[in-house]
Amino acid sequence: MEETMRSRFLIVLLVLWGCGPSDSENEMTSTTVFEGVRLIIGNGSVIEDGVFVVEDESFAWVGSRSDAGDMLDGTSIDLDGATVMPTLINAHFHLSNDRSERISQLQHTLYYGTTAAISLGLDEGGVGLQMRGEEIADAARSQSAGRGITSPEAGRTEIPYWITSEDEARAAVLELAAQNVDFVKIWVDSRGGSYERLSPELYGAVIDEAHKNDLRVTAHVYRLEDAKGLLRAGIDMFAHGIRDMDVDDELIQLWTDRPQVVLVPNLPGSGVPSDLSWLDATIVASELEEMLAGQELMEDFPSPVAQERFGIQARNLVRLHEAGVTISFGTDGSSPWAPHLELEDMVRAGMSAADVIVSATANSAALLRMEDVGTVQVGKKADFIVLEANPLDDITNTRLIKVVYMNGEVVDREAIQSQLIGD
């Protein structure tokens with residue numbers, strides 16, 4: 001280690017011991033050294049015997065014990081063999097349009113280790129846009145796509161813009177641009193033949209106008225044919241995988257020609273029962289009993305249809321991943337614990353636990369242009385989860401959360417739990 005770096009951390013530790021700089025300087029800097037930890041960085045690398053330093057809100061040093069030197073001579077927190085990974089980032093979520101409910105959702109989400117989420121396309125009124133970037137106590141950060149854009153879907157929801165002409169498409173985008181939304185969301189889906197899909201002419205106009213206004217577009221998609229058309233039109237992200245059939249070579253080539261396009265797979269239910277007992281901390285007993293009963297019923301009466309649907313999307317996910325497509329992470333819906341089920345399903349589909357974690361951390365941070373989060377690296381915000389066991393061995397170990405840190409501070413999970421289910 002360079003001498004200047006050693007000197008810097010000697011000063012830091014002196015401050016911790018109370019014999020360093022003046023009290024006023026001490027109040028300006030809060031530094032903690034963590035040791036005895038397996039570090040999952042979030043970019044695919046792992047440090048087995050790791051040490052890291054949190055200074056104020058950020059990671060100030062990250063490395064192995066063998067390189068830590070004098071940093072371990074003073075006060076430190078020994079994590080005793082725990083695993084640390086970055087917090088999760090949800091790139092496809094839906095939040096309430098009521099401010100108090102939205103805050104509760106973001107707190108519940110943070111309880112389970114997600115520190116950022118984007119609400120895609122169903123935000124009406126100003127709440128979602130106003131709350132972007134707000135720092136709310138013990139709550140995840142949020143982004144918003146405002147109102148999405150679709151063809152008329154009478155009987156579903158009137159929140160999105162319903163468009164039937166290119167002029168209406170461009171006008172909707174201009175309204176969203178004036179609001180400085182984080183993404184433009186479109187739906188290209190007939191809903192099983194119930195509605196007319198957004199046509200190539202219309203979604204082409206949306207994408208063109210969005211790009212003219214420095215906005216990116218994400219698409220709810222179902223059919224392989226539509227995915228190809230969207231790639232040709234310049235789409236930036238898919239909010240779902242392709243669901244009607246296995247992808248073909250033409251789709252792979254179209255995607256290879258546009259490698260910046262990101263897939264958020266958002267897998268469907270696998271048709272296989274899951275253990276949900278770990279939700280007892282935030283779900284009232286009666287509701288959890290119903291959820292567990294549903295899983296038992298699934299075990300007794302498995303759904304071949306659900307398993308077939310999962311199989312199509314699982315094969316497509318793996319093939320696109322192997323082709324080099326950037327895979328990000330999202331859950332749709334509003335369940336705060338769903339990220340842990342999605343992690344399990346992505347591994348079940350055939351991705352490695354290591355790659356899935358990268359998708360849910362570094363890749364999602366990059367997709368949402370959140371440059372200061374997503375990995376355990378110097379200069380990034382100290383958002384991390386301390387786990388009892390290694391998720392690289394078993395991805396469901398992401399549920400064994402000991403502590404969540406956000407901005408370098410411990411999240412008060414007990415307070416969140418109390419708000420959700422009472423004392």
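In this predicted model, Glu409 of strand 17 is the bridge partner of Met406. The residue Met406 closes strand 16, which runs over residues 401-406, and strands 16 and 17 pair in the antiparallel sense over two bridges. Both strands belong to an open sheet of seven strands, arranged in the order 3-2-1-4-15-16-17 with mixed pairing. At the edges of this sheet stand strand 3 (58-64) and strand 17 (409-410), each of which pairs on one side only.

Attention may now turn to helix 13. This helix comprises the 15 residues 353-367, which should span 21 Å at 1.5 Å a residue; the end C-alpha atoms are 20 Å apart, and the two values therefore agree. Helix 13 nevertheless contains a kink of about 35°, centred on Ser359. Eleven of its 15 residues are buried, so the helix is largely enclosed by the rest of the structure. Among the buried residues are Val356, Ile357, Ser359 itself and Leu367. After helix 13 comes Arg369, which has a positive phi, near 55°.

The region that follows helix 13 also leads to Gln143, a residue of strand 7 (residues 141-144). Gln143 touches Leu368 and Met370, and its other contacts include Arg102, Ser119 and Asp182. With Leu368 there is a polar approach: the backbone oxygen of Leu368 lies 3.1 Å from a polar atom of the Gln143 side chain. Is Gln143 buried or exposed? Its relative accessible area is 12%, and because buried means under 20%, Gln143 is buried. Finally, Gln143 and Phe183 are 40 residues apart in sequence, yet their C-alpha atoms are 8.9 Å apart in space.

Key: Residues are numbered from 1 along each chain as its sequence is written. This is a predicted model: local features need pLDDT of at least 70, side-chain atom pairs count only at pLDDT 80 or more; totals for chains, interfaces and linings use all residues. Side-chain values use heavy atoms; hydrogens and water are left out. Helices (H or I, at least four residues) and strands (E, at least two) are DSSP runs, numbered from the N terminus. Buried means under 20% relative accessible area, exposed over 50%, partly exposed in between (1.4 Å probe, protein chains only). Contact means heavy atoms within 4.5 Å. A polar contact is a pair of N or O atoms within 3.5 Å; within protein, one must be able to donate a hydrogen and the other to accept it, and residues adjacent in sequence count only if both atoms are side-chain atoms. Two strands pair if DSSP finds at least two bridges between them. The expected span of a helix is 1.5 Å times one less than its number of residues. The bend at a residue is the angle between axes fitted to the seven residues ending there and the seven starting there. Lists of a residue's contacts leave out its neighbours within four places in sequence.
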